[in-house]
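Visitor: I should be grateful for a close look at one part of this protein. Please take me through the internal cavity and the parts of the chain around it.

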Amino acid sequence: MTEVNLERARFNMVEQQVRPWEVLNDRILDVLEALPREDFVPAQYRNLAYADLQLPLAHDEVMLEPRVEARMLQALEPQPGERALEIGTGSGYFAACLARLAGEVTSVDIHESFRELAAEHLASRGVENVRLEVGDAAAGWDDGHRYDVIAVTGSLPELHQGFHRTLAIGGRLIVVVGQLPIMEALLITRVADDQWAVESLFDTSIPPLRGARVTPRFEL
């Protein structure tokens, strides 16, 4: 696919996938229109960079559909100067979007190869405000910072509070909770030291976060 065709595909993604899914925030749309998603997908899927599909990555992971990523970004409303945390770096595309919308971004992945891949992709786009970490964050991530925005890009079989206290007051967390066939995207806002507001956003289905655990249930 030529560069002109890729630009047309990016425009069509925004107009035919993202806007119809009620993503109308101009800042979000501007980032999606400006950032070449094809630079972050595996080479063999470059022509599918703007398709309404989950694209395969290594380790049986995926890039989420563009419209799902867009809805997540709109719900989080990252603002300039805010500190953002992403759980699940993957190719680095979502981190690059956050980097253009927020201030400082930390992105964590369990796979070292994804940290290396994302570092290459971000450097190629001149993105300098993302710190990449390797670790198992399925139960939460506490590096001593409090974050205004937290995006968990893999699903959790059940909701836990591992990320709740990492939020700053007024901070927003988006996480997809549940198991196949239907999962629920939740927006959780920390409104006080020990109080969080929960809003159901939409139903979706995304792969589970690596290492996410289910509480054992004992039956007599």
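Guide: What follows is an account of the cavity, its lining and its surroundings, based on a predicted model.

The count comes to one cavity of 30 Å³ or more. The volume of this cavity is about 390 Å³. Its lining is made up of 31 residues, and the closest to the centre are Gly88, Thr89, Gly90, Asp109 and Thr153. Several elements each give two or more residues to that lining: strand S2 (62-63), helix H3, strand S3 (83-87), helix H4 and strand S4 (104-109). Sorted by class, the lining holds 16 nonpolar, nine polar and six charged residues.

Among the residues closest to the centre of the cavity is Thr153, and its position can be described in some detail. Thr153 belongs to the loop between strand S6 (147-152) and strand S7 (167-179). With a relative accessible area of 16%, Thr153 falls under the 20% limit and is therefore buried. A polar atom of the Thr153 side chain lies 2.9 Å from the backbone oxygen of Ile87. The backbone oxygen of Gly88 is 3.0 Å from a polar atom of that side chain. Gly88 is itself one of the residues closest to the centre of the cavity. Beyond residues up to four places away in sequence, Thr153 touches Leu64, Glu86, Ile87, Gly88, Phe94 and Ile206.

Phe94 leads to helix H4, where it is one of the buried residues. The others in that helix are Tyr93, Ala95, Ala96, Cys97, Leu98, Ala99 and Leu101. Eight of the nine residues of H4 are buried, so this helix is largely enclosed by the rest of the structure. H4 thus has two roles in this picture: it contributes two or more residues to the cavity lining, and it is included in what covers the buried residues of helix H2.

Helix H2 spans residues 26-34, and its buried residues are Ile28, Leu29, Val31 and Leu32. These residues cover an arc of only 160° around the axis, which puts them on the same side of H2. Their cover includes helix H1 (3-18) and helix H3 (66-76) as well as H4 (93-101). At the N-terminal end, H2 is capped by Asn25, with a side-chain oxygen 2.9 Å from the backbone nitrogen of Arg27.

After H2 the chain enters the loop that leads to strand S1, and two residues of this loop deserve attention. Arg37 is found there, and with a relative accessibility of 0% it counts as buried. The side chain of Arg37 makes a polar contact of 3.0 Å with the side chain of Glu69. Leaving out residues up to four places away in sequence, Arg37 touches Met13, Ala49, Tyr50, Leu55, Met63, Leu64, Glu65, Pro66, Glu69 and Tyr93. One of these, Tyr93, is among the buried residues of H4. Another, Leu64, is also touched by Thr153.

Asp52 lies in the loop between H2 and strand S1 (55-56). Asp52 is partly exposed, at 36% relative accessible area. The side chains of Asp52 and Arg67 are joined by a polar contact of 2.8 Å. Apart from neighbours within four places in sequence, the contacts of Asp52 are Gln17, Glu65, Pro66 and Arg67. Glu65 and Pro66 are also among the residues that Arg37 touches. Asp52 and Leu35 are 17 residues apart along the chain, and their C-alpha atoms are separated by 17 Å.

The next loop, between S1 and S2, comes before a strand that gives two or more residues to the cavity lining. It holds two residues with notable backbone angles. Most residues other than glycine have a negative phi. His59, in this loop, has a positive phi near 60°. Asp60 lies in the loop between S1 and S2 as well, and its phi is also positive, at about 60°. His59 is partly exposed, at 35% relative accessibility, whereas Asp60 is exposed, with a relative accessible area of 73%.

In summary, the cavity of about 390 Å³ has Thr153 among the residues closest to its centre, and the largely enclosed helix H4 is one of the elements that give two or more residues to its lining.

Definitions and conventions. Residues numbered from 1 in each chain as written. Predicted model: local features only at pLDDT ≥ 70, side-chain atom pairs only at ≥ 80, totals over all residues. Heavy atoms only, no water. Buried < 20%, exposed > 50% of the residue type's maximum accessible area, 1.4 Å probe, protein only. Helix = DSSP H or I, 4+ residues; strand = E, 2+ residues; numbered from the N terminus. Arc of directions from axis to C-beta. Contact = heavy atoms within 4.5 Å. Polar contact = N/O pair within 3.5 Å; in protein donor to acceptor, adjacent residues only side chain to side chain. 1 Å grid on protein atoms, 1.4 Å probe; cavity = no way out; pocket = protein on both sides within 12 Å on 5 of 7 lines; lining within 4 Å. Points joined across faces, edges and corners; volume = space filled by probe spheres on them. Nonpolar A, V, L, I, M, F, W, Y, C, P; charged D, E, K, R; others polar.
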